[in-house]
Amino acid sequence: MFRTMHRYLGISLALLAGCVAPVKYERPPVEVPAAWTESGPRFTQDGRWWGIYSDADLEKTIDEALGANADLLIAAARVDEARGVLGEANSFFWPSIDARAATSRQQVSTRTATAFPGIPREYTNNRATLNVSYELDLFGRLRAGAAAARAELEASEASRDAVRLALAAQVAKSYFALRSLDEQVDLTRRTVSLREEALALQRKRLQGGVISEFELRQLEAEAAVVRAQLPPLEREREREEAALAVLLGRNPKEVFESKIALKQAFEERPGAAVLPSGIPSELLLRRPDIVEAERGLAAANARVAVARSEMFPTITLTGFLGSESAALGNLFSGSPAATWQLAAGLVQPIFSGGRLQARSEQAQARERQALLQYQQTIRAAFGEVRTALIVQKRALESFEAESAREAALAETLRLARLRYQNGVSSQLDVIDAERGLLAARIGRIEALRAHRAAIADLFRALGG
């Protein structure tokens, strides 16, 4: 009779396991452009896209950030954590083996059914066993849990790569902002020096009666205007340098005191425009945040399978082998003290107040969220590529326009000085031309910074 029951139970479990349809996962299809509107040659240097700037100091600065930035180190620690979670999930595929030893002294009641005449009320028991337990994964709960953990590990690795990419782009932008401020500070200081020299000459002319005090005060006000531009620039430079030092992961003393090594080169021109390489669909595999969102979706899909499998039986095989004796000296005396057991257990949830169904619905809702997040990440990625291409193009146009403006105002200044020297115009006309030229040069410097920042943003948008 028991054999017949066992046979029917085994057949029932096999049929039930066969009825559990696994939750299959396929990456959702995404409609992307067939090709970029403009494309260029592939730029490959092992992901070190910042080599396009040909700036050795920038490369050293980014390398320092990649080695010590706190956000990147935290992301790397999260990868290690996810790897540990995967190791734990994989461990459930193996039997659990442990050794146990116990000793006890006990007295039984004479008022219970277990009290027998002639048997001592007090006795000692010593026990040492090797225990084994193993869960049969008939319904895929353990496999789905391991698949989810594996996908979460891959998502954390992609998140780390996204932090690395964003960090390199931010360091490059901060570095060029610092260089831009350096050039603006240098230009403004030189302009202040020229204004002070010209003002000293005008004071002598006032003493000689050539100009009036009214004209001198106007010239002093113009010189003060340029001097007033210098402190905000120096303040922004110090702020940018401190922010970059934090990005580099330097210690508090270095953040407060150290300087950032910068390439000292002014009057530079932007390089050629950077264009996307390959085809748009490659962006789905190359950009870390998209990979992270897709792996998060895969993990959520696997968690749905875990939640569903909790509604089915859990089957556990257990056993132990060891010795048991009243006297500690006889514990390992051989066959008389030997004890063993083999057992199988089955737990089938019957009623839990809707808890298991609610868990399944939660997992399905999280999967829908992950799908929407994945789709939104792709939209944002292509929007960022488009924006970065436009910004790069417009920044280059701005640089060319500011360069033409600078050339025209430089010639205007030369003519204004000639007119002043020949007594045709006043010193204020010269100062007005100098003011315009200073603004054009600062605009040119800012346009160059914006172009370089747009290149960094484009490489970030393209996944490096």
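Reader: What makes strand S3 and S4 count as a pair, and in which sense do they run?

Author: In this predicted model, two strands pair if DSSP finds at least two bridges between them, and strand S3 (residues 314-325) and S4 pair in the antiparallel sense over 10 bridges, so by that definition they are paired. Within this pairing, Thr 316 stands opposite Gly 345 in S4. Strands here are DSSP runs of E with at least two residues, and helices are runs of H or I with at least four, numbered from the N terminus.

Reader: Why are S1 and S4 said to stand at the edges of the sheet?

Author: The open sheet has 4 strands in the order S1-S2-S3-S4, with antiparallel pairing. Strand S1 (96-107) and strand S4 (338-347) each have a single partner strand, so one side of each is left without a neighbour in the sheet. Neighbouring strands of this sheet are turned by 25° against each other on average, direction ignored.

Reader: How do you know what span to expect of helix H5?

Author: The expected span is 1.5 Å times one less than the number of residues; for H5 (residues 213-247), with 35 residues, this gives 51 Å, and the helix reaches 52 Å from its first C-alpha to its last, which is close to that value.

Reader: What covers the buried residues of H5?

Author: Buried residues have under 20% relative accessible area, exposed ones over 50%, and partly exposed ones lie in between (1.4 Å probe, protein chains only). In H5 the buried residues include Leu 216, Leu 219, Val 226, Leu 230 and Leu 233, and also the charged-letter names Glu 220 and Arg 237. Their cover includes helix H4 (141-207), helix H6 (252-257) and helix H10 (427-461).

Reader: Why is Gln 362 called partly exposed?

Author: Gln 362, which lies in helix H9 (residues 355-421), has 42% relative accessibility and therefore counts as partly exposed.

Reader: Where is confidence lowest, and where is it highest?

Author: On pLDDT, the predictor's confidence in each residue from 0 to 100, the mean is lowest in helix H1 (residues 2-19), at 47, and highest in helix H3 (residues 70-91), at 93. Over residues 1-5 pLDDT stays under 50, and the model has 0 contacts (heavy atoms within 4.5 Å) beyond four places in sequence for them. Where pLDDT is low, the predicted coordinates should not be read in detail.

Reader: What conventions lie behind these values?

Author: Residues are numbered from 1 along each chain as its sequence is written, and side-chain values use heavy atoms, with hydrogens and water left out. Local features need pLDDT of at least 70 and side-chain atom pairs count only at pLDDT 80 or more, whereas totals for chains, interfaces and linings use all residues.

Technical notes
Axes fitted to C-alpha atoms, helices over the stretch in contact; angles between N-to-C directions.
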